[in-house]
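Student: I am new to this structure and would like a close look at a single part of it. Could you walk me through the nonpolar core and the cysteines in it?

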Amino acid sequence: VVSDLMEEEYLMKCVVDTAKRSFYLYSNEGDEKIVECETMEQFMNVLEVVRATCPEERLIYATPPLSKK
């Protein structure tokens, strides 16, 4: 018997890049989506939703680049 149940696509990892005001979303099927925010307010609104819905173990913050002196 062949099962008609298919596993749904879900979020495997969300990388937050505060320097670029961007979010990188990676699914279990290998898809990647990029959300780029134009304003800090927009970024903070998206971050609030991400923190409320994304499990902590799947949420990663990108390390900001070090400035060269």
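Tutor: Happy to; we will go through the core, then its cysteines, and end with a residue on the outside. Keep in mind that this is a predicted model.

The largest nonpolar core has nine residues: Cys14, Val16, Phe23, Cys37, Phe43, Leu47, Val50, Cys54 and Leu59. Two elements, strand S1 (11–17) and helix H1 (40–53), each supply at least two residues of this core. Helix H1 gives the most, with three residues.

Val16 is a good place to pause. Leaving aside residues up to four places away in sequence, Val16 touches Phe23, Phe43, Leu47 and Leu59, among others. Its contacts also include Ser22, Ile60, Tyr61 and Ala62.

Now to the cysteines. Cys37 is buried, with a relative accessible area of 8%, and Cys54 is buried too, at 7% relative accessibility. A disulfide is a covalent bond between the sulfur atoms of two cysteines. How many disulfides does the model have? The count comes to zero. For Cys54, the closest cysteine sulfur belongs to Cys14 and lies 5.2 Å away, so the two are too far apart for a bond, given that a disulfide needs sulfur atoms within 2.5 Å.

For contrast, look at Glu57, in the loop between H1 and strand S4 (59–61). Glu57 counts as exposed because its relative accessible area is 66%, and the cut-off is over 50%. The C-alpha atoms of Glu57 and Met12 are separated by 9.4 Å, with the two residues 45 apart along the chain.

Note on methods:
Residues are numbered from 1 along each chain as its sequence is written. This is a predicted model: local features need pLDDT of at least 70, side-chain atom pairs count only at pLDDT 80 or more; totals for chains, interfaces and linings use all residues. Side-chain values use heavy atoms; hydrogens and water are left out. A nonpolar core is a set of buried Ala, Val, Leu, Ile, Met, Phe, Trp, Tyr and Cys residues joined through side-chain atoms within 4.5 Å. Buried means under 20% relative accessible area, exposed over 50%, partly exposed in between (1.4 Å probe, protein chains only). Helices (H or I, at least four residues) and strands (E, at least two) are DSSP runs, numbered from the N terminus. Contact means heavy atoms within 4.5 Å.
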